Amino acid sequence: NVRHIPISIIPNWESLAEFPSLKGDGMAKTFLPPFTLLYSGNMGHGHCFEALLLAARRLLEKGSPIEIVMTGDGVQSFGIQQRINEERLTNINFKGYVTTEELQEIRAYSHCAFISLKDDMLGCMSPSKLHASMAVGLPVVYLGPPGSSVDLAIKKFECGESLRSSDIDHFVDRLEVLSTSPDLIKQYSRNARNAFEKSYCDRSNLSLFDALLDDSRGDMCARTAHNRAA
């Protein structure tokens, strides 16, 4: 007989105390150019940047007032900087590592957070930058395979756009739509913060651990009592 083991999934989280409640109407932003897409964090093996660089080239050729800001580092960072310089992608501002204070300032003027995942990394990693982005009310623009933790969060909470890395035209089109849709950005922003408070902060998720441990303890006691009775 096959024994089915129950599985509980508790998402990663950020500390609620480190991200106080947003003031005003979500992340109210000025929509004067440039519209800013932020990538922050690890530029490691599991993340896909080719589509982002191709999209940047097309946006530049079209004269779109959209800027991409990149902070962080990783094994792909050198190659990314080379491409930016060689192709003169002046709409990408590569900053590398920044302090926590600088990152807070960048998030404050950014309009969306960019998260990428290679297709073959589905099920192998879960980009943790999702939770901090939600915490500060940044709508998420995700480029990667469907079914990932980021894709599921976006679909469940309607806090951004889930797109495929193989469709550069659609990616560019959605960025241009977002750059001219302040009401949509505000709605995504509110939904992102609500998702953080409901499902991606310590206040909500540590209680899930408590409930799981209580259930496990109850099951163990029940099995012990059954064995003694037998």
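In the predicted model, Asn42 is paired with Asp73 of strand S2 through a bridge. The pair belongs to the contact between S1 (residues 35-42) and S2, two parallel strands joined by eight bridges. Between them, the chain passes through helix H1 (residues 50-62), and the resulting β-α-β crossover is right-handed. Strand S2 spans residues 66-73. Six of its eight residues are buried, so the strand is mostly covered, buried meaning under 20% relative accessible area.

S2 also pairs with strand S3 (residues 92-96). Four bridges connect these two strands, which run parallel. Within this pairing, Val69 stands opposite Asn93 of S3. Helix H2 (residues 77-86) completes a β-α-β unit with S2 and S3, and this unit is right-handed.

Eight salt bridges were found in a search of the whole structure. One of them joins the side chains of Asp169 and Arg58, with an N to O distance of 2.2 Å. This pair links distant parts of the chain. Asp169 lies in helix H6 (residues 168-179) and Arg58 in helix H1, 111 residues apart. Both ends are partly exposed: Asp169 has a relative accessibility of 47%, and Arg58 has a relative accessible area of 33%.

A salt bridge also forms between Glu176 and Lys62, whose closest N and O atoms are 2.7 Å apart. Glu176 is in H6 and Lys62 in H1, so this pair ties together parts 114 residues apart in sequence. Glu176 is partly exposed, at 22% relative accessible area. Lys62 is likewise partly exposed, at 49%.

Glu87 and Arg83 form a further salt bridge, with the closest N and O atoms 2.5 Å apart. Glu50 joins Arg83 and Glu87 in one network, built from salt bridges that share partners. Glu87 is partly exposed, with a relative accessible area of 24%.

Helix H5 (residues 149-157) has a buried set made up of Val150, Asp151, Ala153, Ile154 and Phe157. These residues lie on the same side of H5, because they cover an arc of only 165° around the axis. Lys155 and Lys156 are exposed on the other side of H5.

A nonpolar patch occurs on the surface. It consists of Trp13, Leu206 and Phe209, which together have about 260 Å² of accessible area. Leu206 belongs to helix H8 (residues 202-229). Its relative accessible area is 40%, which makes Leu206 partly exposed. Patch residues need over 30% relative accessible area, so Leu206 at 40% meets that cut-off.

How values were computed
Residues are numbered from 1 along each chain as its sequence is written. This is a predicted model: local features need pLDDT of at least 70, side-chain atom pairs count only at pLDDT 80 or more; totals for chains, interfaces and linings use all residues. Side-chain values use heavy atoms; hydrogens and water are left out. Buried means under 20% relative accessible area, exposed over 50%, partly exposed in between (1.4 Å probe, protein chains only). Two strands pair if DSSP finds at least two bridges between them. A crossover is right-handed if, with the strands pointing away from the viewer, the path from the first strand over the helix to the second runs clockwise. Patches are made of residues with over 30% relative accessible area and no salt bridge: like charges are joined within 9 Å, nonpolar side chains (Val, Leu, Ile, Met, Phe, Trp, Tyr) within 5 Å. Accessible areas come from the Shrake-Rupley method with a 1.4 Å probe; for residues, only the protein chains shown count as cover. A salt bridge is a side-chain nitrogen of Lys or Arg within 4 Å of a carboxyl oxygen of Asp or Glu. The arc is that of the directions from the helix axis to the C-beta atoms.
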